[in-house]
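Good morning, and thank you for coming. Please take a moment to look at the structure on the screen, and then I shall walk through a few of its contacts.

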Amino acid sequence: MTQNNTVIEYPTGLSSIPYASFLQIEKYSYDEAQKSVAKSFNDGLGSLNRSVLSKILRAGGDAAAVAYAAGTPDDKFIDNMLNTYKTPEVKTLIKEASGTSVRQSGSNVDKYKTTGGDSINITDENVDPSTVIQLRNGEKTTVGQLLQKKKDRIAKKNKGLMASRCMLPLPNEFQYKYGADWNNEFRLGTLALAADDIGRFSLLAGGGALVGGSLSYLEGKLTAGKQVAKLGGVDATKIIQGAAEGAKFATNPFNVNSDLFNPKNLAGLAGLAPNENSIQFFERMQGREFSFRFELAARNKKESNRIIEIIEWFKRGMHPNSKSGRGSAVMLTFPDVFVLTPRFVKCSEEGEPLGDPIQHPMMPRTKLCALTGLTINTTPFGQLQTIFDGTIPMVTMELMFKETTKLTRVDMEGASYTDKRNSKILFVGTSDGGFIADQDKAFTGDVSF
């Protein structure tokens with residue numbers, strides 16, 4: 001899908017109203033977004049799309065689509081699928097010259113002749129426009145009527161549904177948040193002793209190694225002398241094990257005692273607890289999500305059609321497509337993706353708009369977003385209301401977007417992959433050893449992402 005400059009506005013002229021605040025939503029096909037928008041990002045997705053690897057991966061994906069007959073169809077296939085229809089079949093009773101009906105051989109059933117059922121291409125100039133054809137849903141129409149209907153639908157689609165941008169008034173509530181996961185916990189524990197007193201730590205480690213080695217040595221000796229350590233034909237090791245189990249049962253018959261020889265429990269009896277000396281490491285940033293609730297009211301038929309157009313624009317954009325034009329295709333293309341930018345119509349002191357709308361102060365724009373939820377409420381007042389033509393005068397539309405890539409500080413500082421990594425810092429020392437930022441260069445007052 002090639003991007004165009006068609007814009008859907010609600011209400012019409014929104015972007016030229018003085019001091020208006022609105023949300024500009026740009027829509028791109030996924031492939032186009034990777035080649036144009038994402039390519040300029042200074043992140044992993046942008047790096048991938050600028051590399052030769054992306055071409056190799058796309059070629060592999062296209063090959064898989066072709067293998068499963070889900071690739072891009074040729075013009076002949078599209079023409080055959082969209083414009084070829086059949087004329088209705090007509091059964092005519094066969095009669096003899098005398099007027100009596102002809103019977104099927106060996107039965108009393110009348111014999112019929114079937115005509116029609118011919119395949120015709122409605123775009124063929126030699127086809128009579130009054131020719132009756134049968135649609136795939138069983139309905140019948142003429143070639144001329146179907147061509148006009150297709151023409152009207154294409155015109156409507158090109159007018160609104162193929163728009164690249166939609167502009168809606170900013171909702172009454174606009175929130176955005178950032179989240180960071182610091183869930184990678186590292187427990188230093190008793191190793192902290194090595195930092196405080198390496199001598200004591202080494203002594204404890206050496207003592208533990210000595211005790212452990214001695215126990216292992218004794219266990220080996222007992223195992224090796226198992227055949228020797230027998231008293232009257234009885235294995236001495238089994239006697240020792242049985243005695244230990246019996247003592248354990250006698251002292252804890254109901255199995256309610258805690259392990260007395262657990263070092264943690266021994267410390268707890270003394271009113272002490274081990275210090276885990278845990279350190280929380282940064283793990284990852286959370287992806288941003290945006291939720292908007294728009295109230296769409298129609299004052300006339302034109303605005304009612306515009307509301308339907310807006311809903312259809314988002315609905316089609318969030319669904320996958322098929323390159324082959326068949327819903328049964330094995331491979332589907334990704335849904336469209338969106339870029340959200342709050343805008344503000346800046347004006348002079350006299351209230352006249354100054355140039356194009358600017359990014360709204362204190363409101364961030366987004367990177368590529370997927371539309372993950374679309375909810376339409378046709379009964380916002382708790383009851384169904386329609387006007388004379390059946391349209392609903394007011395509906396609410398809730399949109400849920402999720403950013404497809406996560407942010408880094410590079411995004412905040414406005415750097416792109418072609419920018420020089422300039423920190424824009426004045427090397428003026430402070431008492432705490434830091435530096436003073438140049439307020440004329442470090443920040444423009446605009447919110448980035």
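I begin with Gln 359, which counts as buried because its relative accessibility is 17%. I should say at once that this is a predicted model. Gln 359 belongs to strand β18, which covers residues 358-359. What does the side chain of Gln 359 reach at 3.1 Å? It reaches the backbone oxygen of Met 363. The side chain of Gln 359 also takes part in a polar contact of 3.3 Å with the side chain of Arg 365.

Another residue whose side chain reaches a backbone oxygen is Lys 27; its target is Trp 313, at 3.3 Å. Lys 27 sits in strand β2, residues 21-28. Lys 27 is buried and yet has no salt bridge. Why is there none? A salt bridge requires a side-chain nitrogen of Lys or Arg within 4 Å of a carboxyl oxygen of Asp or Glu. For Lys 27, the nearest side chain of opposite charge is that of Asp 336, and it is 4.1 Å away.

Trp 313 brings us to the aromatic residues. Trp 313 is a member of one aromatic cluster, together with Phe 174, Tyr 176, Tyr 178, Phe 292, Phe 294, Phe 314, Phe 338 and Phe 401. How many aromatic pairs does the structure hold? The number is 12. One of them joins Phe 174 and Tyr 176 in an edge-to-face arrangement, with 6.2 Å from centre to centre and 65° between the planes. Please note the surroundings of these two partners. Phe 174 counts as buried, because its relative accessibility is 18%. Tyr 176, at 31% relative accessibility, counts as partly exposed.

Within the same cluster I would point out Phe 401. Phe 401 is found in strand β20. Is Phe 401 buried or exposed? With a relative accessible area of 1%, Phe 401 is buried. Phe 401 and Phe 338 are 63 residues apart along the chain, and their C-alpha atoms are separated by 8.5 Å.

I turn now to the salt bridges, of which there are 12 in this model. Let us take three of them in order.

In one of them, the side chains of Asp 181 and Arg 284 meet at 3.2 Å, N to O. Asp 181 lies in strand β10, residues 180-181, and Arg 284 in strand β15, residues 284-285, so this pair ties together parts that are 103 residues apart in sequence. Asp 181 counts as buried at 11% relative accessibility, whereas Arg 284 is partly exposed, with a relative accessible area of 47%.

Another salt bridge joins Asp 389 and Lys 301, at 2.9 Å from N to O. This pair also links distant parts of the chain, 88 residues apart: Asp 389 is in the loop between β19 (369-377) and β20 (394-403), while Lys 301 is in helix α10, residues 301-317. Asp 389 has 31% relative accessibility and counts as partly exposed. Lys 301 likewise counts as partly exposed, at 45%.

The remaining example is the salt bridge between Arg 306 and Glu 309, again at 2.9 Å from N to O. Where do these two residues lie? Both are in helix α10, three residues apart, which is about one turn of the helix. Glu 309 is buried, with a relative accessible area of 10%. Elsewhere, Glu 185, Arg 187 and Glu 276 are joined into one network by salt bridges that share partners.

Arg 187 has a further neighbour that I should mention. The C-alpha atoms of Arg 187 and Ser 278 are separated by 4.1 Å, although the two residues are 91 residues apart along the chain. Ser 278 lies in strand β14, residues 278-281. At 37% relative accessibility, Ser 278 counts as partly exposed.

Finally, I ask you to look at the surface. Which residues make a nonpolar surface patch of about 490 Å²? They are Leu 260, Phe 261, Leu 266 and Leu 269. Of these, Leu 260 is found in the loop between α8 (236-251) and α9 (263-269).

To close, I would ask you to keep two pictures in mind. One is the pair of Asp 181 and Arg 284, which ties together parts that are 103 residues apart in sequence. The other is Lys 27, buried yet without a salt bridge. Thank you for your attention.

Technical notes
Residues are numbered from 1 along each chain as its sequence is written. This is a predicted model: local features need pLDDT of at least 70, side-chain atom pairs count only at pLDDT 80 or more; totals for chains, interfaces and linings use all residues. Side-chain values use heavy atoms; hydrogens and water are left out. Helices (H or I, at least four residues) and strands (E, at least two) are DSSP runs, numbered from the N terminus. Buried means under 20% relative accessible area, exposed over 50%, partly exposed in between (1.4 Å probe, protein chains only). Lys and Arg count as positive and Asp and Glu as negative; His and the chain ends are not counted. A polar contact is a pair of N or O atoms within 3.5 Å; within protein, one must be able to donate a hydrogen and the other to accept it, and residues adjacent in sequence count only if both atoms are side-chain atoms. Patches are made of residues with over 30% relative accessible area and no salt bridge: like charges are joined within 9 Å, nonpolar side chains (Val, Leu, Ile, Met, Phe, Trp, Tyr) within 5 Å. Accessible areas come from the Shrake-Rupley method with a 1.4 Å probe; for residues, only the protein chains shown count as cover. Rings of Phe, Tyr and Trp (its six-membered ring) pair if their centres lie within 6.5 Å; planes under 30 degrees apart count as stacked, over 60 as edge-to-face and the rest as tilted.
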